[in-house]
Amino acid sequence: MSAIRKLERDYAKADRAAVVGLLDRITEADALTRLGLESRLAELNTQIAAQDLEPETTYASAALFFGGRPVIGSQGVEAEFGTGAVATFQDLVSKILAKNTSGLGVKGPVANKSAATMHITNIVRGSFGFLLEEVRDQAQLVDTNLKEAVEEASELLDIFSEADEERFQATVAEVDQRILVTARDFFELMRQHGATLRMVAGESEFQFGAEAVARGVERASGTSIEEDEKSLEGQLAGVLPSAHQFEFRVAGGETLKGKVDLAWTAADLERWNRELVGVDATMNAAVKRVLRHGQIARENYVLKDITPKNDSANPAQ
Amino acid sequence: MAENLPLFDRGQVKQNFRLDALFVDLHGHPETIVEVARYYMGLFSHRRGDDLWKGMLKVRLENAADDTDALAILGPAPAVGGGVAP
């Protein structure tokens with residue numbers, strides 16, 4: 001559903017709730033008033049039923065409503081802040097789309113950037129904000145990559161600003177340093193201008209009050225992500241072929257869990273379960289560390305390859 | 001009132017007079033009057049998408065001269081069935 005359609009549907013439902021509330025309290029002396037309200041209720045019910053029948057939209061759409069210091073009622077928003085916030089949100093969406101499709105490099109131009117282009121198609125009232133939409137020539141049946149990227153971007157910002165630390169760390173481990181920096185820019189801009197935000201993307205709605213913005217700034221600036229490769233001796237405890245997950249017992253130590261690189265097929269993994277479990281082996285893994293104020297808060301492993309010791313000249317392929 | 005029920009039917013009034021008629025009993029419960037005035041004020045004061053003022057007009061019904069003036073301003077009666085956006 002597009003952001004604006006969610007807003008319209010929410011509005012109609014709130015309106016209906018108000019009318020139902022009025023009808024509940026009405027007295028016998030208000031016969032004509034009742035007629036009017038009942039016809040209004042029927043009208044809203046028809047409208048809501050029609051909205052429910054509309055097909056889901058598959059393109060990207062987000063409504064950003066700003067509040068706080070840069071905003072004057074529903075009249076306007078400071079140009080520098082408004083354009084900065086929209087540009088940073090667009091940047092975040094482009095980077096998430098790149099990560100999900102062709103991969104996001106450590107630096108340099110963001111791949112596939114033109115595919116991430118959103119257009120400002122309208123302003124939205126009720127404080128002041130913008131409607132950003134993906135403009136497409138043709139309708140398509142499945143959700144576009146950009147729709148998913150926009151929803152992921154808004155969820156990411158929400159996770160940055162909500163109190164749940166565990167969920168934050170788990171999510172951050174899935175993104176990378178450049179996305180983290182862009183999220184920090186976004187929250188920093190909001191904090192500097194004393195702004196608040198309400199965001200509607202697809203079916204979801206997110207609120208960013210002053211406290212949430214402050215938490216977002218603290219999280220984004222106190223967190224960094226480090227990536228490197230590690231070679232570990234030990235034994236494979238097993239893999240889940242379709243989920244692409246592994247467990248590996250490090251020699252003389254803990255058991256590591258993580259994902260297996262998607263370059264390996266499910267058939268490869270089934271073979272590992274037959275041939276490599278409990279065999280002394282060397283595993284090469286990509287490690288992603290989430291650092292909070294310089295301390296390791298979480299480590300994620302992705303198994304790149306595994307080579308049995310007795311057959312080191314011939315790695316499992 | 002019973003003899004003129006079609007006058008209180010919103011759909012028929014809209015069809016016949018191009019008027020969106022929602023009635024409020026001025027002899028009703030005072031609290032209801034306040035509540036519905038609040039509700040209709042919210043509904044009719046602004047256009048939702050762009051906050052453009054709509055506003056409400058007070059027309060007394062007992063003065064026939066007002067009817068004549070109104071007819072002169074509105075011009076000839078519209079073709080029946082033409083819908084008007086709320």
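Select A:Arg219 to start. In this predicted model, A:Arg219 has a relative accessible area of 3%, which makes the residue buried because the cut-off is under 20%. Show its side chain together with that of A:Glu165: the two meet in a salt bridge, 3.1 Å from N to O. A:Glu165 belongs to helix α5 (residues 165-172) of chain A and A:Arg219 to helix α7 (residues 210-222) of chain A, so the salt bridge ties together parts that are 54 residues apart in sequence. The acidic partner is in another class of accessibility: at 28%, A:Glu165 counts as partly exposed.

Keep A:Arg219 on display and add A:Ser161. What does A:Ser161 touch, leaving aside its neighbours within four places in sequence? The contacts are A:Phe187, A:Phe208, A:Ala212, A:Arg215, A:Gly216 and A:Arg219. A:Ser161 lies in helix α4 of chain A, which covers residues 145-161. Its relative accessibility is 3%, so A:Ser161 counts as buried. Look also at the side chain of A:Ser161, which reaches the backbone oxygen of A:Asp158 at 3.0 Å.

**Strands of chain A**

Next, select residues 245-250 and 255-260 of chain A. These are strands β9 and β10, which run antiparallel and are joined by five bridges. The two strands form a hairpin with four residues between them. In the turn, pick A:Gly252, which has a positive phi of about 65°.

Add strand β12 of chain A, residues 295-308. Does β12(A) run parallel or antiparallel to β10(A)? The two run parallel, with three bridges between them. A:Gly258 is a useful residue to centre on: in β10(A), A:Gly258 has A:Phe246 opposite, and in β12(A), A:Tyr301 stands opposite A:Gly258.

Stay with β12(A) and show A:Lys304 and A:Asp261. Their side chains meet in a salt bridge of 2.8 Å, N to O. This pair links distant parts of the chain, 43 residues apart: A:Lys304 is in strand β12 of chain A, and A:Asp261 is in the loop between β10 and α8 (266-275) of chain A. A:Lys304 counts as partly exposed at 31% relative accessibility, while A:Asp261 counts as buried at 19%.

Now zoom out to the whole of chain A. Its secondary structure comprises eight helices and 12 strands. The chain has 317 residues, of which 47% count as buried. Among its contacts with a separation of 6 or more, 69% are between residues 24 or more positions apart.

**Between the chains**

Bring in chain B and select the residues in contact across the two chains. How many residues does each chain give? Chain B gives 21 residues and chain A gives 23. The area buried between the chains is about 1,900 Å², and carbon and sulfur atoms give 56% of that area. Select B:Asp25, B:Tyr39 and B:Arg48, which supply 31% of the area that chain B buries against chain A, more than any other three residues.

Polar pairs come next. Between chain B and chain A there are 10 residue pairs in polar contact, both residues at pLDDT 80 or more. On the side of chain B that touches chain A, the elements that give two or more residues are α1 (10-17) and α2 (30-44) of chain B. The largest share comes from α2(B), with six residues. By class, this side of chain B holds nine nonpolar, five polar and seven charged residues.

Two salt bridges are counted between the chains. For one of them, show B:Glu35 and A:Arg25, whose side chains meet at 3.3 Å, N to O. For another, show A:Glu43 and B:Arg10, at 3.1 Å, N to O. A:Glu43 lies in helix α2 (residues 31-53) of chain A and B:Arg10 in helix α1 of chain B, so this pair joins two chains. A:Glu43 is partly exposed, with a relative accessible area of 24%, whereas B:Arg10 counts as buried at 10%.

**Last stop**

Finish on helix α3 of chain B, residues 64-74. How many of its 11 residues are buried? The count is zero, and the helix is hardly covered. At its N-terminal end, B:Asn63 acts as a cap, with a side-chain oxygen 3.0 Å from the backbone nitrogen of B:Ala65. After α3(B) comes B:Gly75, whose phi is positive, near 80°.

Notes: Residues numbered from 1 in each chain as written. Chains lettered and ligands numbered in written order. Predicted model: local features only at pLDDT ≥ 70, side-chain atom pairs only at ≥ 80, totals over all residues. Heavy atoms only, no water. Contact = heavy atoms within 4.5 Å. Buried area = accessible area lost by both parts, 1.4 Å probe. Salt bridge = Lys/Arg side-chain N within 4 Å of Asp/Glu carboxyl O. Polar contact = N/O pair within 3.5 Å; in protein donor to acceptor, adjacent residues only side chain to side chain. Nonpolar A, V, L, I, M, F, W, Y, C, P; charged D, E, K, R; others polar. Buried < 20%, exposed > 50% of the residue type's maximum accessible area, 1.4 Å probe, protein only. Pairing = 2+ DSSP bridges.
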